[in-house]
Amino acid sequence: MASKGDGTARPFVRINPADLCLYQALVDLMAPAIEGALRPAEEVCGYRLTLTDNPSPFHESPTWADFIKSVRDVLEGGEYDYAASLDVASFFVYVQVDELERQLFEAGAPPRAVRDLGSLLRAWEALGVQGLPQGVFPSSALGSFYLSGLDERLAADGRVFRRYVDDIWVFATSFSDGRRALDLVEKYLFRYRLSLGGRKTNVLRRATALSETETSKEVIERRKQSVREDLEAMAEDAYIDAEFLPDPEDVDVVAVSAEYAELAPQVLAGNYPDAARSHLLEIYRELQALGEPLAVADVPDILLRFPDLSSAAMRYVAATAQADTEGAVAAFLTVLRDDRFHREQELLGIFRAALRLPIGCSTELAAVCKRHAGGSVSELVEARALLAWGAHNEADDFGAADEFWSRTTARWRPYALMAIQGKEPGERDERYDRWSGEARFLRSLADAVKEQPFQWKTL
């Protein structure tokens with residue numbers, strides 16, 4: 001279950017690599033039929049299947065950025081004063097396998113491939129996967145195809161629209177015209193047991209739509225430019241030589257700090273402005289690049305409200321440790337407190353970020369990592385926590401690795417070898433010799449680590 005920006009979660013699926021190869025291969029066989037049913041890539045963006053011999057099945061697919069640019073191009077053209085922004089609620093979960101098969105047959109897809117795909121999806125359904133497994137590329141291609149009938153319905157109504165799988169913009173000449181577009185889409189979706197998500201579905205004026213499609217990066221770049229222009233104007237008025245103006249990096253700190261100072265109090269007070277999540281994400285990226293720790297103290301409270309930012313926010317915290325190690329470690333300890341709930345992928349992001357801290361910076365943090373390595377929400381989280389323990393605990397302490405090795409399976413044992421790579425060489429190598437006798441791969445890994453240890457942040 002992966003966290004969303006509003007605090008709820010969506011179900012993602014981890015597919016066995018062999019199953020994923022089969023899934024993609026079946027979709028590849030149906031590529032001509034799928035692409036033949038879709039309108040031009042300018043209108044329908046997302047994961048478009050290539051019909052060439054390029055090894056990437058999604059070569060040159062229009063990206064989300066391409067989709068947003070296309071939406072903005074229509075809005076900036078000035079022909080439409082309104083736009084309906086639509087999102088299909090829980091789309092992938094509610095795709096009906098029988099209906100997908102029917103549409104694929106109708107589109108002329110190879111019958112055997114369609115039947116095999118149906119068998120595969122029904123087998124996964126028996127394991128609890130509803131609809132299309134979310135989070136893998138073939139599902140996006142099939143999902144986009146599943147709504148191709150809606151594209152034709154909109155085109156038949158004379159509508160100009162842009163779609164990225166289940167995110168849709170339909171342009172309108174008036175508010176009433178926008179509502180008619182919503183009604184058209186809702187009636188079509190109802191036939192397939194689908195509905196629009198209320199929170200993301202609105203009829204907007206052009207100016208508001210342009211504002212909502214502006215990326216957080218563009219907002220911050222605009223603020224930076226404004227600060228530069230203000231400084232240049234002040235220098236000109238005061239006859240200050242340009243060489244005495246602040247360095248560009250200092251200007252960026254001022255601009256990003258101003259953005260954060262406006263946004264953070266609202267988020268911490270529980271009032272979430274539009275696009276607050278994406279805006280915070282961009283701010284953390286900017287501050288990480290600058291190594292500026294000004295937002296570190298707020299991170300634990302911010303993550304209570306936007307837990308899906310855990311990975312990006314904690315990478316930022318780790319990047320500031322050179323400037324303020326104590327503050328960075330305190331943020332990690334607060335975020336990992338036992339009274340805080342975390343989903344699996346949030347913990348994975350936190351422990352991966354911990355490997356970016358200065359090595360050996362906190363035995364207290366290592367003790368917390370050891371607890372998670374000894375029992376957490378999944379074996380993968382335990383293995384990640386073990387690496388973080390190894391990076392920050394004392395060089396002569398092998399306890400957590402020994403315990404992990406004794407109770408885990410062969411699949412996870414390489415993590416124990418990696419976790420002790422920085423430990424005291426004598427005892428470490430004795431364990432490498434003893435442990436690596438069980439498999440050739442472990443012997444090769446142990447030899448490689450002894451010759452050249454890995455960088456912790458790459459693990």
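The legends below accompany an overall view and several close-up views of a predicted model.

Residues are numbered from 1 along each chain as its sequence is written, and side-chain values use heavy atoms, with hydrogens and water left out. Because the model is predicted, local features need pLDDT of at least 70 and side-chain atom pairs count only at pLDDT 80 or more, whereas totals for chains, interfaces and linings use all residues.

**View 1. The whole protein, with 22 helices and 7 strands.** Helices (H or I, at least four residues) and strands (E, at least two) are DSSP runs, numbered from the N terminus. The C-alpha atoms fill a box of roughly 75 × 75 × 45 Å along the principal axes. Of the 459 residues, 47% count as buried, a term that stands for under 20% relative accessible area, with exposed set at over 50% and partly exposed in between (1.4 Å probe, protein chains only). The protein exposes about 22,500 Å², of which carbon and sulfur atoms supply 50%; accessible areas come from the Shrake-Rupley method with a 1.4 Å probe, and for residues only the protein chains shown count as cover. Among contacts (heavy atoms within 4.5 Å) with a separation of 6 or more, 69% join residues 24 or more positions apart.

**View 2. The open sheet of 5 strands, in the order S3-S5-S6-S4-S7 and with mixed pairing.** Two strands are taken to pair if DSSP finds at least two bridges between them. The edge strands, S3 and S7 (202-205), each pair on one side only. Between S3 and S5, which run parallel, there are 2 bridges, and Val44 stands opposite Arg163 in S5. S4 and S6 run antiparallel and are joined by 6 bridges, with Ile168 of S6 as the bridge partner of Leu86.

**View 3. The hairpin formed by S5 and S6, with 2 residues between the strands.** The two strands pair in the antiparallel sense over 4 bridges, and Phe161 stands opposite Val170 in S6. In the turn, Val165 has a positive phi of about 55°. In a regular strand the side chains alternate between the two faces of the sheet. In S5, Phe161 and Arg163 point one way while Arg162 and Tyr164 point the other way, and all of these residues are buried.

**View 4. Helix H7 (residues 148-156) and its buried side.** Ser148, Leu150, Asp151 and Leu154 are the buried residues shown in this helix. They lie on the same side of H7 because they cover an arc of only 155° around the axis, the arc being that of the directions from the helix axis to the C-beta atoms. Their cover includes helices H2 (31-37), H6 (137-146) and H8 (175-190), together with strands S3, S5 (161-164) and S6 (167-172). H7 packs on the sheet, where it touches S3, S5 and S6, and its direction makes about 175° with that of S5; axes here are lines fitted to C-alpha atoms, for helices over the stretch in contact, and angles run from 0 to 180 degrees between N-to-C directions. Just after H7, Gly158 takes a positive phi of about 75°.

**View 5. Two nonpolar cores, one of 73 residues and another of 68.** A nonpolar core is a set of buried Ala, Val, Leu, Ile, Met, Phe, Trp, Tyr and Cys residues joined through side-chain atoms within 4.5 Å. In the largest core, the residues with the most contacts inside it are Leu280, Tyr284, Met314, Val317, Phe332 and Trp389, and helix H18 (residues 379-392) gives the largest share, 8 residues. Leaving aside neighbours within four places in sequence, Val317 is in contact with Val296, Val299, Ala328, Ala331 and Phe332. Apart from this core lies the one of 68 residues, which includes Leu38, Phe161, Val170 and Ala181.

**View 6. Tyr192, in the loop between H8 and S7.** Tyr192 is buried, with a relative accessible area of 10%. Not counting residues up to four places away in sequence, Tyr192 touches Gln96, Glu99, Arg102, Gln103 and Tyr146. The C-alpha atoms of Tyr192 and Gln96, which are 96 residues apart along the chain, are separated by 7.9 Å.

**View 7. Positive phi in the loop residues Glu60 and Ser90.** Most residues other than glycine have a negative phi. Glu60, in the loop between strand S3 (44-45) and helix H3 (64-76), has a positive phi of about 60° and counts as exposed at 69% relative accessibility. Ser90, in the loop between strand S4 (82-87) and helix H4 (97-107), has a phi near 45° and counts as partly exposed at 47% relative accessibility.
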